[in-house]
Amino acid sequence: MLLAALCCLPLLEFGAEGLRGWSQVLVYPGAFRAQRHEHDEDTGVLHEYDEDLIGESWEFGPLVLSWDDVAAEAGSPHEGFNVVVHEMAHKLDALDQAMDGTPPLPAAWQRAWARDFQAAYEALCARVDAGEETVIDPYAAEAPEEFFAVTSEYHFSAPAVLAAAMPEVASHLRRFYGESPL
Ligand SMILES: [Zn+2]
C-alpha cells in the first residue's frame, strides 16, 4: 500500500501514462547486489564487478526496490532521499525511449527544460570537479539522467533546499510533478 502510494506520487500531474511499458515492482527485503559487466573500448578489457543497490529501474522491465530503504525513508524522510521517487523519475525519463534527463514534454517546454537542466547540471559538475561542497547530492553530477532523478528526490523531500540551490530546476519540477507535498 505504502509502495503503491509512493510510486503514484510522481504521477499526480503526469497521469497514468507514466506507467506505460512496464508492470512489475520487485521488492527485496534489503539492499541487493547486481552483477555488472563493463567493456573498456580502449583496452578491450571486460570488467566484471558487483554493485550494492537500494533501487534500480530497468528500461523496459521492472522497478526494483529495497524494502528496508523504502521503509526507513518513509519513517524518517531524509533531506533529499527517496528511492521510489528516484526510480520513478528514471521510468518517466525513459518514456520517450531516451534516458537523457528529459521526460516527454510539449516541445516548447522541453526546450526550456533542456536548457535550464543543462545549465544547472554543468554548474553542479563544475563544483564537484573542483572538489567543492555542494548542497545537492553530488551523485546528481554522474549523468543528466541521475541529475533529473536526484533533483526529483529533493522536490518531494526537501523542496526548499532545491528551490534555493536551483530555482529554475525547482520550478520545472513543480510544474511537472505538482506542488511538493511538503
Ligand atoms: Zn539513478
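Reader: Is histidine 90 buried or exposed, and at what relative accessibility?

Author: In this predicted model, a residue counts as buried under 20% relative accessible area. Histidine 90 falls under that cut-off, so it counts as buried, with a relative accessibility of 6%.

Reader: Which helix holds histidine 86 and histidine 90?

Author: Histidine 86 also counts as buried, because its relative accessibility is 8%. The two histidines lie four residues apart, about one turn of the helix. The helix that holds both, residues 83-94, is α3.

Reader: Which residues are the protein donors of the zinc ion?

Author: The donor residues follow the spacing H-x3-H-x55-E in sequence. Their donor atoms lie 2.1 to 2.7 Å from the zinc ion. Each histidine gives its NE2 atom, and the glutamate is listed with OE twice; the residues are His86, His90 and Glu146.

Reader: What is the arrangement of the four donor atoms around the zinc ion?

Author: A tetrahedral assignment would need all angles to lie between 85 and 135 degrees. The four donor atoms subtend angles of 52 to 144°, which makes the arrangement irregular.

Reader: How are the rings of phenylalanine 117 and phenylalanine 148 arranged as a pair?

Author: The count of aromatic pairs comes to 13. For phenylalanine 117 and phenylalanine 148, the ring centres are 6.3 Å apart and the planes stand at 75°, so the pair is edge-to-face. This pair links distant parts of the chain, 31 residues apart, with phenylalanine 117 in helix α4 and phenylalanine 148 in helix α5. The arrangement asked for is therefore edge-to-face.

Reader: What is the relative accessible area of phenylalanine 148, and which helix holds its partner phenylalanine 176?

Author: Phenylalanine 148 is buried, with a relative accessible area of 0%. Its ring and that of phenylalanine 176 have centres 6.2 Å apart and planes at 70°, so this pair is edge-to-face. Phenylalanine 176 counts as buried too, at 3% relative accessibility. The pair ties together parts 28 residues apart in sequence, because phenylalanine 148 lies in helix α5 and phenylalanine 176 in helix α7.

Reader: Which residues form the nonpolar patch on the surface?

Author: One member, valine 25, is found in strand β1, residues 25-28. Valine 25 is partly exposed because its relative accessible area is 34%. Together the patch residues have about 300 Å² of accessible area, and they are Leu2, Val25, Val27 and Trp67.

Technical notes: Residues are numbered from 1 along each chain as its sequence is written. This is a predicted model: local features need pLDDT of at least 70, side-chain atom pairs count only at pLDDT 80 or more; totals for chains, interfaces and linings use all residues. Side-chain values use heavy atoms; hydrogens and water are left out. Donors are N, O and S atoms within 2.8 Å of the metal (3.2 Å for Na, K and Ca); water is not among the atoms, so sites may look incomplete. Four donors count as tetrahedral if all angles lie between 85 and 135 degrees; four count as square planar and six as octahedral if opposite donors are over 155 degrees apart and all others between 65 and 115; anything else is irregular. Buried means under 20% relative accessible area, exposed over 50%, partly exposed in between (1.4 Å probe, protein chains only). Patches are made of residues with over 30% relative accessible area and no salt bridge: like charges are joined within 9 Å, nonpolar side chains (Val, Leu, Ile, Met, Phe, Trp, Tyr) within 5 Å. Accessible areas come from the Shrake-Rupley method with a 1.4 Å probe; for residues, only the protein chains shown count as cover. A salt bridge is a side-chain nitrogen of Lys or Arg within 4 Å of a carboxyl oxygen of Asp or Glu. Rings of Phe, Tyr and Trp (its six-membered ring) pair if their centres lie within 6.5 Å; planes under 30 degrees apart count as stacked, over 60 as edge-to-face and the rest as tilted.
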